[in-house]
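Work through the exercises below with the sequence and the model open. Each one sets a task and then solves it step by step.

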Amino acid sequence: MSSLIQQEWASLAPEGTNVQYYAECGSTNSVATEAGAEGFETPTWYVTGRQTAGRGRRGRTWLSKPGNLYCSLLTHIGVKLSDLATLPYLVALAVRDTFIDIGCAPDTVQCKWPNDILINEKKSSGVLIESSAAQSQMTDFVVIGIGLNLANFPEDTTFPATCVKRETGIDVPPSTAFKSLSKNMRRRLVAWRPNDVSTLISEWRDASWGMGERREIHTLGETFVATLDGIDDKGGLKLRLEDGTMRVLFAGDVFSGPQQH
Ligand code: BTN
């Protein structure tokens, strides 16, 4: 890769943020995690045009064809491991800001728990947050991996997917989306107060998909129907089960309600 391309990508991120661009790599999350373990400087974005081993949440594969944006931020945010539960909401809102910046109508862009962004109710981005804890209760470094579907999307998914081009007709180069995303992430991370997330959570909730409605919930061992009732101050999804009892979820997937299957 020519150093000109590297310089061009580096010029897109806010001042004080490093960028490493690769024409192709396995997974930007893996590259960033290795760099974090080796003590590389942060904050640094690892960006690629194509991933050969893109990773999704819960061990899934993330199809990574050219034309979309694949990037991971390696950062030291020095928060307690328990505080990371609210980070997905911040990242989801930064991704939402980005889709709006690049031309999506705000009311078409919704946050789906825990950190997906939908355009016209179809998944348009994925976020994979991984962390390393050097001391027991504090994070050492955090890797925030983000994939934005700009030009293509997988067809055979359990939750329907789409891309910006399909929904708006707009061709957005990955570099344009990255410039906006890196700015939005920086702004939101600087303002993040892990001990005071009420404003963040209410902003996420105002833009959320399915809140107050019956949805099908998938966890590692169970599938059940519940009404999405809100987010608690620790970042858990509050659910009202069919028998009226409440439950709080920290990991899982939400699908359309049973009547919509
Ligand atoms: C999901 O399952 O929804 C999360 C997908 C996360 C994909 C992004 S693409 C950039 C970064 N590198 C990876 O291997 N995964 C994340």
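The exercises cover two pockets and the ligand.

The model is predicted, with local features needing pLDDT of at least 70 and side-chain atom pairs pLDDT 80 or more, while totals for chains, interfaces and linings use all residues. Residues are numbered from 1 along each chain as its sequence is written, and side-chain values use heavy atoms, without hydrogens and water.

**Exercise 1.** Describe the largest pocket by volume and lining.

*Solution.*
Step 1. A pocket is an open set of points on a 1 Å grid over the protein atoms alone, where a 1.4 Å probe fits and protein lies on both sides within 12 Å along at least five of seven lines. Its volume is the space filled by probe spheres set on the points, which are joined across faces, edges and corners. For the largest pocket this is about 650 Å³.
Step 2. Lining residues have an atom within 4 Å of a point. There are 35 of them in the largest pocket, and G56, R60, T61, W62 and K123 are the closest to its centre.
Step 3. Helices (H or I, at least four residues) and strands (E, at least two) are DSSP runs, numbered from the N terminus. Two or more lining residues come from each of α2 (28-37), β3 (69-75), β6 (122-132), β7 (141-148) and β12 (253-255). β6 gives the most, with 4 residues.

**Exercise 2.** Describe the second largest pocket and the make-up of its lining.

*Solution.*
Step 1. The volume is about 380 Å³.
Step 2. Its lining has 18 residues, with R57, P88, P114, N115 and F250 nearest the centre.
Step 3. α3 (87-101) and β6 each supply at least two of these residues, and β6 gives the most, with 5.
Step 4. Count Ala, Val, Leu, Ile, Met, Phe, Trp, Tyr, Cys and Pro as nonpolar, Asp, Glu, Lys and Arg as charged, and the others, Gly among them, as polar. The lining then divides into 11 nonpolar, 4 polar and 3 charged residues.

**Exercise 3.** Locate the ligand and list polar contacts to it.

*Solution.*
Step 1. The ligand takes the space of the largest pocket, by the test that more than half of its atoms lie within 2 Å of the grid points.
Step 2. Around the ligand are 20 residues (a heavy atom within 4 Å), of which S27, Q51, R55, R57 and K123 come nearest.
Step 3. Polar contacts are pairs of N or O atoms within 3.5 Å. A ligand nitrogen lies 2.9 Å from a polar side-chain atom of Q51. A polar backbone atom of R55 is 2.7 Å from a ligand nitrogen. For K123, a polar side-chain atom is 2.6 Å from a ligand oxygen.

Notes:
A polar contact is a pair of N or O atoms within 3.5 Å; within protein, one must be able to donate a hydrogen and the other to accept it, and residues adjacent in sequence count only if both atoms are side-chain atoms.
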